[in-house]
Amino acid sequence: MKLVEFDSLFNLLETKYLQFNHVDFIVDDPISIPHIFSKKQDIEIMGFWAAILSWGQRKTIINNCKRLVEMMDNSPYDFILNHQESDLKPFLNFKHRTFNADDALYFISFFQHYYKENESLESAFIDPNGKQFLIESALIYFKNLFFCLEYAPNRTKKHVSSPINGSTCKRINMFLRWMVRKDEYGVDFGIWSKIKPNQLICPCDVHVDRVARSLGLINRPQTDWKTALELTENLKKFDSNDPVKYDFALFGMGIENKIR
């Protein structure tokens, strides 16, 4: 990349990152759901759920997540740990696109199983047998752990992606960005410390993919896990410590172009 091209692209990415990494961004985005809460576990639970349900119209995503919050008595962590069987009845009618009641009930079961033994969901991404943290291994480990319960429905497994099947893992990577990144702008939470921002992979949705290709940040013909890796490596040229901050820029420019 020529110096002039590099400087021009760097300035564009930085400008758009600052434009969209703003509290105004929260209102119409699924990240508004975990922002309802202050307790770490509430943020993790609803952050994960909001990320997993993030496909389709953002208004519908937010509304359905608010339904989940209401069904958990506006206190997800307490509900997860202390609910009774009868409290689960409202979830039998829950649906978001292909995510249905069986999926919702399994999520609750896993969270209850997990939080009885662990303080934070961050540990679910840290393989205790791993010699060093590698994001690809972490996502594979997490999916295996998430579906460790013997009654895990096969249908639910499609909602939690893994690099093994070539997925970009957009929704999980977005969730990790929310939990790990921290700056002075107040959008991402930065409540985890074991995973570092420079270990994250940029969420690669249709908007990000389209804009990144137009800017020469992606050359791979298809869109898969290796594409997300390629994009992140190219973004590290502009900020090696926090490459996924440019997710704000790429996604924001994609939305701008869609509106126009």
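The following exchange covers the fold, one helix and the cysteines of a predicted model.

Biologist: What kind of model is this, and from where are residues numbered?

Modeller: It is a predicted model, in which local features need pLDDT of at least 70, side-chain atom pairs count only at pLDDT 80 or more, and totals for chains, interfaces and linings use all residues. Side-chain values use heavy atoms, with hydrogens and water left out, and residues are numbered along each chain as its sequence is written, from 1.

Biologist: How many helices and how many strands does the chain have?

Modeller: Elements are DSSP runs numbered from the N terminus, with helices being H or I of at least four residues and strands E of at least two. On that basis the chain has zero strands and 10 helices.

Biologist: What is the radius of gyration of the chain, and what would a compact globule have?

Modeller: The radius is taken over C-alpha atoms, and the globule rule is 2.2 Å times the number of residues to the power 0.38. For 260 residues the rule gives a value near 18 Å, which agrees with the chain's 18 Å.

Biologist: Which span should helix H6 have at 1.5 Å a residue?

Modeller: The expected span is 1.5 Å times one less than the number of residues. H6 has 12 residues (135-146), and its end C-alpha atoms are 16 Å apart, in agreement with the expected 16 Å.

Biologist: Where do the buried residues of H6 lie around its axis?

Modeller: Buried means under 20% relative accessible area, exposed over 50%, and partly exposed in between (1.4 Å probe, protein chains only). In H6, Ile 135, Ala 138, Leu 139, Phe 142, Lys 143 and Phe 146 are buried. Taking directions from the helix axis to the C-beta atoms, these residues fall within an arc of 130°, so they line one face of the helix.

Biologist: Which helices do the buried residues of H6 pack against?

Modeller: Contact means heavy atoms within 4.5 Å. The partners are helix H2 (40-52), helix H5 (101-115), helix H7 (170-180) and helix H9 (225-235).

Biologist: How many disulfides does the structure hold?

Modeller: A disulfide is a pair of cysteine sulfur atoms within 2.5 Å. The sulfur of Cys 169 is 11 Å from the closest cysteine sulfur, in Cys 204, which is too far for a bond. The sulfur of Cys 204 is 6.8 Å from its closest cysteine sulfur, in Cys 202, also too far. The number of disulfides is zero.

Biologist: Is Cys 169 buried or exposed?

Modeller: Its relative accessibility is 0%. Cys 169 therefore counts as buried.
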